[in-house]
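Dear colleague,

I am passing on the structure that we spoke about, and it is placed just below this note. After it I have written out what was found, one contact region at a time, so that you can follow along with the model open.

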Protein chains: 4
Amino acid sequence: MRIGVLTGGGDCPGLNAVIRGVVRKGVGLYGHSFVGFRDGWRGPLENDTMPLDIAAVRGILPRGGTILGSSRTNPFASADGPARVRETMRRTGVDALIAIGGEDTLGAAARLHAEGVPVIGVPKTIDNDLSATDYTFGFDTAVNIATEAIDRLHTTAESHHRVLVVEVMGRHAGWIALHSGMAAGANVILIPERPFDIDKVCAFVEQRFATSYAPIIVVAEGATPIAGTMMAKEGELDAFGHVRLQGISALLETEIRGRTGRETRATVLGHVQRGGTPTAFDRWLATRFGLHAVDAAHDGDFGVMVALHGTRVERVPLAEATGELKTVPEYLYEEAEVFFG
Amino acid sequence: MRIGVLTGGGDCPGLNAVIRGVVRKGVGLYGHSFVGFRDGWRGPLENDTMPLDIAAVRGILPRGGTILGSSRTNPFASADGPARVRETMRRTGVDALIAIGGEDTLGAAARLHAEGVPVIGVPKTIDNDLSATDYTFGFDTAVNIATEAIDRLHTTAESHHRVLVVEVMGRHAGWIALHSGMAAGANVILIPERPFDIDKVCAFVEQRFATSYAPIIVVAEGATPIAGTMMAKEGELDAFGHVRLQGISALLETEIRGRTGRETRATVLGHVQRGGTPTAFDRWLATRFGLHAVDAAHDGDFGVMVALHGTRVERVPLAEATGELKTVPEYLYEEAEVFFG
Amino acid sequence: MRIGVLTGGGDCPGLNAVIRGVVRKGVGLYGHSFVGFRDGWRGPLENDTMPLDIAAVRGILPRGGTILGSSRTNPFASADGPARVRETMRRTGVDALIAIGGEDTLGAAARLHAEGVPVIGVPKTIDNDLSATDYTFGFDTAVNIATEAIDRLHTTAESHHRVLVVEVMGRHAGWIALHSGMAAGANVILIPERPFDIDKVCAFVEQRFATSYAPIIVVAEGATPIAGTMMAKEGELDAFGHVRLQGISALLETEIRGRTGRETRATVLGHVQRGGTPTAFDRWLATRFGLHAVDAAHDGDFGVMVALHGTRVERVPLAEATGELKTVPEYLYEEAEVFFG
Amino acid sequence: MRIGVLTGGGDCPGLNAVIRGVVRKGVGLYGHSFVGFRDGWRGPLENDTMPLDIAAVRGILPRGGTILGSSRTNPFASADGPARVRETMRRTGVDALIAIGGEDTLGAAARLHAEGVPVIGVPKTIDNDLSATDYTFGFDTAVNIATEAIDRLHTTAESHHRVLVVEVMGRHAGWIALHSGMAAGANVILIPERPFDIDKVCAFVEQRFATSYAPIIVVAEGATPIAGTMMAKEGELDAFGHVRLQGISALLETEIRGRTGRETRATVLGHVQRGGTPTAFDRWLATRFGLHAVDAAHDGDFGVMVALHGTRVERVPLAEATGELKTVPEYLYEEAEVFFG
């Protein structure tokens, strides 16, 4: 059997561990051979390949990024995309694909499978917002990076009288904010799932100053105020006539300072959260995802995605896995609220 | 309601996070009050208490160790133990106990509950060998520490020609060895569940030298050779007439050097694995265990232990939780074997 | 002898290590006693003290922040400041002061000494911009935090096509930017000492894309463009009528995006750089500064500051130490330029 | 100009950073070309080379180990060694050598230079025991690794009643033990320069138990007891008839347990201290050493070694640099003794 592997979407610690798991078991146990497709779906669309054997995966387990490159290319962007993927597979003698990616990459995989392409999905996102799996790899790394940063802010909060705002990733789901905020003892956590009341945030700020040292606010980049309640807003034009790129933490800085008169300082961790070496958990999960993905290919069980359920890696239908975003449920946010203020 | 809290057994990152979770929710949401019992079951046996309020738990979330102290005291060691526990509870006005600990501490909790003491258990062990919960807090921290150490050995293995042996914790179960070995790309992993064949280990050593750089062997402290196959052995007397303390890694050093002629160097991480600040995952898990333990107390639902199932914290009967050690199953070890040699 | 200790200015990893060094040697070897003054110069001005003995310094070595609190209070802000300091010393039986701080705190110390107050200075700033000492503690920690962040960005730069800008501390001197930029392989480093040419920065950006993966730009918060060359600028008013707080990285984001059309993302590490546990180097340096400061007090050698010269801690006149800011010299910046582009 | 580069001796974080610094400046600024010699002096002896250009050094800055490989081969081991080195240089068109290594590698470099080979040395040892330079790269990394390990032991020492012994590297000099012991608050530090009195060590152990929590002893691998004072000793034969490999920490374990009856546990960090990514300081120092080494080659200034003096990198005669081991001076050990017990 000859299997093509590709990685799509944003950077995520653990991609290389998946690739290594796939190849080590596929070659060593099953005797399959592999082809790397470069830059996500662009690889099979344009027949851009690289060798993918035991030598190619040596030493990559602890390394961030992906040796295969990545892109956001969508094979359905042009009408002949699926045909070109099939044509590349025919030319390269590839029998099946293993696609490692998030919502978009796996959505394309699901559609390709529906059209007869034998494909297996591996879920990837640091945001942890994919349904059908307890966790995605990369998430634990991102949470630990954010947690360590917030840890460091605590000693400053103890000795300065400044409101500290930390903006973490999470455009549509607040998982990183929730986990790092709880792990590091944030005084308020703001997530996209729950539009925030700026009055309450400022009340927590003042309450915190009254009872302890300065507050630390963890905010997901996608968090938003209840409509119409904040004066600071995005949407102004910058010096080049573009819409000003101003993150939610900059808006909070302006708003909290404006309302409370308190000095407020923001930290924007940005892409620091999605690069570098994965945590042990993410390497373990990513490696196991790789092992189970190649098992599925070996079994000829296509159209599935590997997923973590408890401590077990299992297979779920690709279609089911990509239907709906997994957001933070009410009951988990309420657990965090115990520690607000 | 007035609730006593105690921590028993060995050090484990996350103990303080549990205590904080219990107190913050218990006081803040339910209006309960708390008493800290010092040094595990010794506290209630000897009525040794400390204040445990919001102020006492401030700042402890990221800190290793336990503010309550710990011991291995067993309340059933003397016949009147249970009566003394009950007497202390009466005197201090304590209605219920939350006991945080491993096999021994929780075993005692189960027996006390059977004798009518209202008690709730929180599972704790860096070894991850407690049944009824997917993971225990402290384990993820230990695995990350071991993984980082093994990561560092890889660059040395690349440039020296030495067999590197890393001994990690795990007297009865090989979870830390398995997870850190897989996460860090060990070439052989030896665990207590599977007596090892020293011939095969030496064969892997030579195979590795032949195909790549020097091998790294991860061994759980409780791993043992198949009986009678190794020349190096424990049990000699030392200069003071005590049985020589010689870990399995020292025996492997002797044996591999003796058999292959290869220079062999051991790293013994020891207690480094069970101290210091917890990872984000362990803080999250420990905090949630604390929140759910106090919920159970509030509900009057005694004789239970909180446990992680997938992403949910649930309650299981204490008796069921402590019956049997959770060891590494065959199928997981086989996943790791893919990467041996 | 009875010695008062105070810490002034911004947070800096290692403050507690100095305090511990002072007290452990002062009590243990010399038999002196100590008083802690709270919140920098506010303590002696308002006679706000705390006990400072062996017990008070237990366990603080690895902890960020300062057990004495800090402020930017200037004893010369009111005419009677020096007299009040003297009066507090008389009342508390304090014979001498050890003042740990930066430019401002030590400047006040120098003036107080000139007016007859027996005082010894310990230099502190994460910015490393104090003259007369090779390094200040806190700097190494800040550089390592920034370096680890930039390390993580590299894997993302490899797989995305985005310009990554990292803003680090350094209002007047570019030491953190220079060291972390060199240590982590930045493609451009911008520092306050050298107004930058935005055309050249954009040229490096394009050159980097042409020859390798996406560029990483490290910029000190105090870096500025050559006057009049950038369209993006600070100074607009925000929704509350305050001058908009917009860091140099936000301006660069706007400007690089506007000029090159390249997606650009900024990370602002902010206060994360000045909190948390110190590195081994900073603990070693801070501890030794403490030991040598108490030696100077014991010797009655006042009006001096302890300083690192090579591997030796020596004493220099306070006046000399605080006269001039230590900025990055031309020859060191040129070393870094070797790696630009 | 065509320059050969080699790395000799044990693994040390920062080797790759030196190589990169040499090549980036040599090619980019001076237009020189480079050849890599494999495995230390074995490379020029056996004409074993690898390409060494800008592409070869891409991405290696943060990586431990050495892309050139290493060995302990001595070019003076055979009589024709120097002639073979010269012959290789003639054949490969190499005008000069840059040799990166410790005592042995640089000693050979000094002798070769005396015999007319144009060579420049770069000092390397994690032990920091080379004269003529304030610090060697690799040392700061080793100290931080040891410090983090000891940090973690503190929380366990607080809750258990065990003597904790940590063995760190340092066969002939106690720099790592001294720095990490002071940075992490060890209660006793044992170094090779000062044979220890086991009675005093045990007295410190008991004193510590009496006044605080359990003691942590940091011991350099080369530390030795005052002759004849310990019962536990090396030198017995193991099961294979080899001299038993038993580190000083194992002997201390036996001896302290035997004398005090206290449970004692050792951690042996071993090679973990010499691998993995370098700290920011070590990358900075190694990079600068590389830049200055190629400057010296460009200047034709041979027979020198680059060295750190304060914040300056300077050149010193190779002969002077390798004459004598730099050991811990009395006054520094006395600084540490302030914190014993």
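**The contact between chains A and C**

Between chain A and chain C the count of salt bridges is 0. Please keep in mind throughout that this is a predicted model. Across the same interface of chain A and chain C, the rule does find 17 residue pairs in polar contact, with both residues at pLDDT 80 or more. The elements that give two or more residues to the side of chain A that touches chain C are helix H5 (139-159), H8 and strand E9 (264-268) of chain A, and the largest share of that side, 8 residues, comes from H5(A). Sorted by class, the side of chain A that touches chain C is made up of 14 nonpolar, 20 polar and 13 charged residues.

As for extent, 47 residues of chain A are in contact with 47 residues of chain C, and the area buried between the two chains is about 4,000 Å², with carbon and sulfur atoms giving 56% of it. On the side of chain A, the residues that lose the most area to chain C are A:Arg152, A:Phe240 and A:His271, which together account for 20% of what that side buries.

The two chains are also related by symmetry, since a turn of 180° and a shift of 0.0 Å along the axis lay chain A on chain C with an RMSD of 0.0 Å, and that is the relation of a two-fold axis. The residue of chain A that comes closest to this rotation axis is A:Val268, whose C-alpha is at 2.5 Å. The same surface serves both copies, in that 100% of the contact residues of chain A recur in chain C.

**The contact between chains C and D**

Turning to the other pair, 41 residues of chain C are in contact with 41 residues of chain D, and about 3,700 Å² is buried between these chains, of which carbon and sulfur atoms give 59%. C:Trp284, C:Val338 and C:Phe339 supply 18% of the area that chain C buries against chain D, which is more than any other three residues.

Here the count of salt bridges between chain C and chain D is 4. A salt bridge is formed by C:Asp151 with D:Arg283, where the closest N and O atoms are 2.7 Å apart. In addition, 12 residue pairs in polar contact, both at pLDDT 80 or more, are found across the interface of chain C and chain D. Among the elements of chain C that give two or more residues to this side are helix H1 (15-28), helix H5 (139-159) and helix H9 (280-299), and H9(C) provides the largest share, 8 residues. The residues of the side of chain C that touches chain D divide into 17 nonpolar, 12 polar and 12 charged.

Chain C is superposed on chain D by a rotation of 180° with 0.0 Å of shift along its axis, at an RMSD of 0.0 Å. In chain C, the C-alpha nearest that axis belongs to C:Gly310, 1.9 Å from it, and once more the same surface serves both copies, with 100% of the contact residues of chain C recurring in chain D.

**Within chain A**

The domain assignment of chain A gives domain 1 (2-138 + 278-321) and domain 2 (142-275), and the C-alpha centres of these two domains lie 35 Å apart. In chain A, 11 residues of domain 1 are in contact with 11 residues of domain 2, and the two domains bury about 870 Å² between them, 53% of it on carbon and sulfur atoms. A:Asp11, A:Ile126 and A:Asp127 lose the most area on the side of domain 1, together 49% of what that side buries. The rule finds 0 salt bridges across the interface of domain 1 and domain 2 of chain A, while the count of residue pairs in polar contact between them, both at pLDDT 80 or more, is 2.

Lastly, the structure holds 80 salt bridges over all chains. One of them joins A:Arg171 to A:Glu221, with the closest N and O atoms 3.4 Å apart. This pair links distant parts of the chain, 50 residues apart, with A:Arg171 in the loop between strand E6 (163-168) and helix H6 (175-184) of chain A, and A:Glu221 in the loop between strand E8 (216-220) and helix H8 (248-260) of chain A.

With best wishes

How values were computed: Residues are numbered from 1 along each chain as its sequence is written. Chains are lettered from A and ligands numbered from 1 in the order in which they are written. This is a predicted model: local features need pLDDT of at least 70, side-chain atom pairs count only at pLDDT 80 or more; totals for chains, interfaces and linings use all residues. Side-chain values use heavy atoms; hydrogens and water are left out. Contact means heavy atoms within 4.5 Å. Buried area is the accessible area (1.4 Å probe) that two parts lose on being put together, summed over both. A salt bridge is a side-chain nitrogen of Lys or Arg within 4 Å of a carboxyl oxygen of Asp or Glu. A polar contact is a pair of N or O atoms within 3.5 Å; within protein, one must be able to donate a hydrogen and the other to accept it, and residues adjacent in sequence count only if both atoms are side-chain atoms. Helices (H or I, at least four residues) and strands (E, at least two) are DSSP runs, numbered from the N terminus. Ala, Val, Leu, Ile, Met, Phe, Trp, Tyr, Cys and Pro count as nonpolar, Asp, Glu, Lys and Arg as charged, and the others, Gly among them, as polar. Copies are superposed by least squares on the C-alpha atoms of residues with pLDDT of at least 70 in both. Domain bounds come from an automatic or database domain assignment.
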